[in-house]
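Thanks for coming. I will go through one structure today, starting with the charged pairs and then turning to the DNA.

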2 protein chains.
Amino acid sequence: MPDGELNTGLLLYIPYRWLENRVFQALAEAGFDDITTAQMKIMQRIGPDGTRLTELAEQAQVTKQTAGFLVDQLEKAGWVERVPDPTDRRARLVHIAPRGLEAIPVATAAVKAAEAEWEAHLGTRRMAQLRRLLAELREITDPYA
Amino acid sequence: MPDGELNTGLLLYIPYRWLENRVFQALAEAGFDDITTAQMKIMQRIGPDGTRLTELAEQAQVTKQTAGFLVDQLEKAGWVERVPDPTDRRARLVHIAPRGLEAIPVATAAVKAAEAEWEAHLGTRRMAQLRRLLAELREITDPYA
DNA sequence: GGTATTAAGTCAGAGACTCTGACTAATGTC
DNA sequence: GACATTAGTCAGAGTCTCTGACTTAATACC
């Protein structure tokens, strides 16, 4: 699978991976050095009022068992906590714990900084255009849009 | 890390992942059902004249050991073969083997079909624009550009 | 030429991620 | 109340990835 002209998949992946590296590095520098990318993919999808394991699994595109494993790790490390779902006694809601709340601004700042670099390179107008195009692509590629 | 407005990272990742799924599915349907995504990330980076393990490792952003492990798997399954590098007796070049060559058109067709769907959704002009913007982003995010 | 450093790759071991299959308990349907 | 569905867990196996130590070949420098 040689390239010729790089396919759009790789063109999407390269900046994605770069951004992920940046966030990871920023977290590590701030002392949050015990989180993994797989765990981050779960964290990212926890809503403000908590989210069920099954829903996290679907959105992260992994099995319930995998999501359960990752939430176990996140819980042990103090990033999240599980609380009973008042509306369904089978279910529990995964919430972001205090330690997780501390990490959010660090991650957010890293993303913002990276996006600012991109905007400086592309120009404000074209960066907005890029986001708009990607948002449109999401309409046909994200089952949870 | 709840969303608000989805960060650009996730906006890049969603279509990337969707495309990867498509290719994977197309390969499986064509009978190439014994390749993994990690192996594909290596395959994708093999040049027409073969590529060294170290270079594959760097570009795929994994250690030499990991790349070696993946190439072992790919070799066992007949996707690639290793041949001595005539210019350096320490090195070997990873080449795509006959079976790998058969899979390429299947993967390529899946990518093309997916890109066509995107183009139908965005319009020709805007799809080209998207690719142009991503290519520009690559300039500052791909150390191997 | 000869020694030191660097580069390509392997071996060994451990930890992290992910899956399939089988299961329990609570909920929903008729 | 019986039956199917949904949320989640337990157990086991395979895959991916890393760190550290090593071998062999090439390169740098004197």
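A salt bridge here is a side-chain nitrogen of Lys or Arg within 4 Å of a carboxyl oxygen of Asp or Glu. By that rule, the side chains of Glu75(A) and Arg82(A) form one, at 3.2 Å from N to O.

Before more of these, two notes on the source. This is a predicted model, in which local features need pLDDT of at least 70 and side-chain atom pairs count only at pLDDT 80 or more, while totals for chains, interfaces and linings use all residues. Residues are numbered from 1 along each chain as its sequence is written, chains are lettered from A and ligands numbered from 1 in the order in which they are written, and side-chain values use heavy atoms, with hydrogens and water left out.

Over all chains, the structure holds 22 salt bridges. Another of them joins Arg82(A) to Asp72(A), at 2.2 Å from N to O. That pair links distant parts of the chain, 10 residues apart: Arg82(A) is in strand β2 (residues 80-84) and Asp72(A) in helix α4 of chain A. Helices (H or I, at least four residues) and strands (E, at least two) are DSSP runs, numbered from the N terminus.

How accessible are these acids? Asp72(A) is partly exposed at 33% relative accessibility, and Glu75(A) is partly exposed at 30%. Partly exposed lies between buried, under 20% relative accessible area, and exposed, over 50%, using a 1.4 Å probe and protein chains only.

In chain B, Asp72(B) and Arg82(B) meet in a salt bridge of 2.2 Å, N to O. Chain A also has a salt-bridge network of Arg52(A), Asp85(A), Asp88(A) and Arg90(A).

Now the DNA. Which residues are closest to DNA strand C? They are Thr36(A), Gln65(A), Thr54(B), Lys64(B) and Arg92(B), out of 21 that surround the strand; near means a heavy atom of the residue within 4 Å. Of the strand's atoms within 4 Å of the protein, 56% belong to sugar or phosphate and the rest to bases.

As for individual atoms, a backbone N or O atom of Thr63(A) is 2.9 Å from a phosphate oxygen of DNA strand C. An N or O atom in the side chain of Arg82(B) lies 3.5 Å from a phosphate oxygen of that strand. Arg90(B) places a polar side-chain atom 2.8 Å from a base nitrogen. Helix α4(A) gives the most to the surface near DNA strand C, with four residues.

Note on methods:
A polar contact is a pair of N or O atoms within 3.5 Å; within protein, one must be able to donate a hydrogen and the other to accept it, and residues adjacent in sequence count only if both atoms are side-chain atoms.
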